[in-house]
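Let's take a walk through a protein together. Have a look at the sequence and the 3D structure below, and then we will go through them step by step.

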Amino acid sequence: MMMVLIIAIAANLKVQPVQETIPQPIIRLFLHQSGQVIELEIEKYVAGVVAAEMPASFELEALKAQAVCARTYACKKILDRKPYPLNANLSDDINCCQAYVSWEGFQELHPARYEELKEKIQSAVSATRGELISYKDLPIDALYHSTCGGYTESAAAAWGSDIPYLQSVKCNYCSESDYYESTQVISLGMLQDKLTGNDSAHIEISQKSDSGRARELRVNDQLISAGSFRQLFNLPSTNWELKKESKELIINSRGYGHGVGLCQYGANGMAQQGKGYRQILSHYYKNIRLEKLNY
Ligand SMILES: [Zn+2]
């Protein structure tokens, strides 16, 4: 309940006694393409994030889990007080924050089923109104990704800092994703071009994390982090099996995204098996609680 007060303070709201209704927090969102800031109620923001971040064709319980993640993520950003342009709480740039789409933008993307999908997203958001994931009375860093490919990644393995609720967990639920397993082919010529000064005679994964993702590659005598290699060749994840042929490097990849936190396709798979959004969230985030802001 401490959290209710902290968020109320952070959003410049009058501090209310515990359990009482607070005004709905307002988000100042920086739109990175237009360079403008818009102000909107957090529940409207959450709907726009769900619309942008998860296929609306997903199961309702998966959309609810996504809504709770989006809201939690936003509340943490409010508290973190990071300086986004024009004094915004958050940006819609996926390189630092969550994607967001307005209803007008969503309609352009889904002209035929707009009303139906909008209603579905709105019902997922309103069914979880005010709900957040907390750890030690604070909103968690509710990270998520498209497809883990079998095991999620721990924050410690991905970024070197252990976060108790972001551990590696087994996921049997994301095999319907096109990216559960995928293959990329890189010509050895391109490999040489991008890894300057290297004739790439030899390439191997030199270090893996417990979840099976590569952490580091060795190209001849040069070491390169898996994250840099992924970026350089636009690969879906860092979970690879490499096979070198005469003129090509064949990469069998598992999953899509950094692999930390909630697996979105996994959330949909769990929902298809009848699991509710609370069970889904508890599977991907360890030792968390769900709290509800009363607004
Ligand atoms: Zn998964």
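Begin with the way the chain is divided: domain 1 takes in residues 2–174 together with 258–292, and domain 2 covers residues 181–254. Try finding both stretches of domain 1 in the picture, one on each side of domain 2 in the numbering. If you mark the C-alpha centre of each domain, the two points lie 32 Å apart.

Before going on, keep in mind that this is a predicted model. How confident is the predictor? The average pLDDT of the chain is 91, and 91% of the residues score at least 70. Residues 14–18 are a place for caution, as pLDDT stays under 50 there. For this stretch the model has eight contacts beyond four places in sequence.

Now let's turn to where the domains meet. How many residues of each domain are in contact with the other? Ten residues of domain 1 touch six residues of domain 2. Together the two domains bury about 600 Å² between them, and carbon and sulfur atoms give 34% of that area. On the side of domain 1, three residues deserve your attention: Gly-149, Glu-153 and Ala-157 supply 54% of the area this domain buries against domain 2, more than any other three residues. Sorted by class, the side of domain 1 that touches domain 2 has four nonpolar residues, five polar ones and one charged one.

What links the two sides? Across this interface the rule finds zero salt bridges, but five residue pairs are in polar contact, both partners having pLDDT 80 or more.

Technical notes: Residues are numbered from 1 along each chain as its sequence is written. This is a predicted model: local features need pLDDT of at least 70, side-chain atom pairs count only at pLDDT 80 or more; totals for chains, interfaces and linings use all residues. Side-chain values use heavy atoms; hydrogens and water are left out. pLDDT is the predictor's confidence in each residue, from 0 to 100. Contact means heavy atoms within 4.5 Å. Domain bounds come from an automatic or database domain assignment. Buried area is the accessible area (1.4 Å probe) that two parts lose on being put together, summed over both. A salt bridge is a side-chain nitrogen of Lys or Arg within 4 Å of a carboxyl oxygen of Asp or Glu. A polar contact is a pair of N or O atoms within 3.5 Å; within protein, one must be able to donate a hydrogen and the other to accept it, and residues adjacent in sequence count only if both atoms are side-chain atoms. Ala, Val, Leu, Ile, Met, Phe, Trp, Tyr, Cys and Pro count as nonpolar, Asp, Glu, Lys and Arg as charged, and the others, Gly among them, as polar.
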